[in-house]
Amino acid sequence: MQTRIQGTVMPVLEVQLDSGESVFAESGELSWMTASIQMTTHTQMGGGGGLLGVFKRVVGGGTLFMTEYRASRFAGEVAFATKVPGHIVPVTLNPGNEYMVHRHGFLCATPQVTIGVGFQQSLGAGIFGGSGFMLQRVGGTGTAWLELSGELIRKDLKPGETLRVHPGHVGAFEASVGFTITTVPGIRNALFGGDGIFLAALTGPGTVWLQTLPISRLAHQIAEYMPGREGAGRAGVGGALLGGIVGSLMSRDDN
């Protein structure tokens, strides 16, 4: 198996598979593949431990179905691209080396990698979309590729060293790093600071990868420019005007 990551803003992972080799990903992650790649969709990949493993994977933010991409008779290629600008990070896994990843961070992996729930805490309605805060635990044996959005900042924490982070900026970290959700100190800061109520506290030893473009923050910024009730009316008028202009031009062509 050989891999190559291409692109800087919207990178893509290309995996070259020899005959009989495979990788798996959540359903819907495929970008392209050669004709020699055989797809098989089922629930067992990435779960480990049968039905219980599948349940852990779903609770951790993963999908119920996973798709295996296997080079059946000949070597082939399968590719997975990022959904937003960011980076693709490969990590090596073994029983003593696991990673915690944000709920949308898993891209694909080799067959013996497992995905489960690593952390789940309800933070109340209206916070983080009302879904609370979740992390996936990526373990097993093999290689996994993680998708982190925006620029990537790496922090190597010493034993006992603590870094407090807005939860959306937590991309991934080694399982040796301690993780808790804390509140912003001070009532005035929590109510009027504009940085939310909760912070993630990460305590070393271990490596932490921070992402500068949380998907939740990106969605919030885009929502500001989405047409509301008043904007929808303006969009309707604009659409009608554009339709009239196009219709007029087509009528002239017909004549």
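**From one strand pair to two cores**

Thr-3 stands opposite Val-15 of strand S2. That pair is a good place to enter this predicted model. The two residues belong to a longer match: S1 and strand S2, residues 12–17, pair in the antiparallel sense over five bridges. As background, strands of a sheet pair through backbone hydrogen bonds, either parallel or antiparallel.

Widen the view. S1 and S2 are part of an open sheet of four strands, in the order S1-S2-S7-S4, with antiparallel pairing. Strand S1 (2–6) and strand S4 (30–33) stand at the edges. Each has a single partner strand, so one side of each is left without a neighbour in the sheet. From one strand to the next, the twist averages 20°.

Now look at Glu-14, which lies in strand S2. Is Glu-14 buried or exposed? Its relative accessible area is 7%. The cut-off for buried is under 20%, so Glu-14 is buried. Eleven residues separate Glu-14 and Thr-3 along the chain, but their C-alpha atoms are separated by 5.6 Å. Which side chains make polar contacts with the side chain of Glu-14? One is the side chain of Arg-4, at 2.7 Å. Another is the side chain of Gln-6, at 2.9 Å. Leaving out residues up to four places away in sequence, Glu-14 touches Gln-2, Thr-3, Arg-4 and Gln-6, along with Trp-32, Glu-77, Val-78 and Ala-79.

Step back to the whole protein. Its secondary structure comes to four helices and 19 strands. The protein has 255 residues, and buried residues make up 39% of them. The accessible surface comes to about 13800 Å², and 58% of that belongs to carbon and sulfur atoms. Take the contacts between residues at least 6 apart in sequence: 77% of them join residues at least 24 apart.

Next, go inside. In soluble globular proteins, nonpolar side chains tend to be buried together. Here the largest nonpolar core has 17 residues. Which of them touch the most other members? They are Phe-24, Val-91, Leu-93, Phe-106, Val-113 and Ala-144. Five strands each supply at least two residues of this core: S8 (86–93), S9 (99–102), S10 (106–109), S11 (113–121) and S13 (142–149). Apart from this core lies another, of 16 residues, among them Leu-135, Phe-179, Ala-200 and Leu-210.

Return to Phe-106 in the largest core. Residues up to four places away in sequence are not counted here. Earlier in the chain, Phe-106 touches Phe-24, Ala-25, Glu-26, Glu-29, Met-66 and Val-101. Later in the chain, Phe-106 touches Ile-115, Gln-136, Ala-144 and Trp-145.

Strand S13 also holds Ser-149. At 4% relative accessibility, Ser-149 counts as buried. What does the side chain of Ser-149 reach? The backbone oxygen of Leu-213, at 2.4 Å. Its neighbours within four places in sequence aside, Ser-149 is in contact with Val-84, Pro-85 and Gly-86. Ser-149 is also in contact with Gln-211, Thr-212, Leu-213, Pro-214 and Ile-215.

A further open sheet has three strands, in the order S15-S18-S17, with antiparallel pairing. Its edge strands are S15 (162–165) and S17, and each pairs on one side only. The twist in this sheet averages 25° from one strand to the next. Six bridges join S17 to strand S18, residues 198–203, and the two run antiparallel.

Ile-181 sits in S17, which spans residues 178–183. Why does Ile-181 count as buried? Because its relative accessibility is 15%, and the cut-off is under 20%. Across in S18, the bridge partner of Ile-181 is Ala-200. Ala-200 is also one of the members of the 16-residue core. Ile-181 and Arg-164 are 17 residues apart in sequence and 9.3 Å apart in space, C-alpha to C-alpha.

One last stop follows S18. Pro-205 is found in the loop between S18 and strand S19 (206–211). Most residues other than glycine have a negative phi, and most peptide bonds are trans. The peptide bond from Gly-204 to Pro-205 is cis, with omega near 20°.

Terms used
Residues are numbered from 1 along each chain as its sequence is written. This is a predicted model: local features need pLDDT of at least 70, side-chain atom pairs count only at pLDDT 80 or more; totals for chains, interfaces and linings use all residues. Side-chain values use heavy atoms; hydrogens and water are left out. A nonpolar core is a set of buried Ala, Val, Leu, Ile, Met, Phe, Trp, Tyr and Cys residues joined through side-chain atoms within 4.5 Å. Buried means under 20% relative accessible area, exposed over 50%, partly exposed in between (1.4 Å probe, protein chains only). Contact means heavy atoms within 4.5 Å. Two strands pair if DSSP finds at least two bridges between them. Axes are lines fitted to C-alpha atoms, for helices over the stretch in contact, and angles run from 0 to 180 degrees between N-to-C directions. A polar contact is a pair of N or O atoms within 3.5 Å; within protein, one must be able to donate a hydrogen and the other to accept it, and residues adjacent in sequence count only if both atoms are side-chain atoms. Accessible areas come from the Shrake-Rupley method with a 1.4 Å probe; for residues, only the protein chains shown count as cover.
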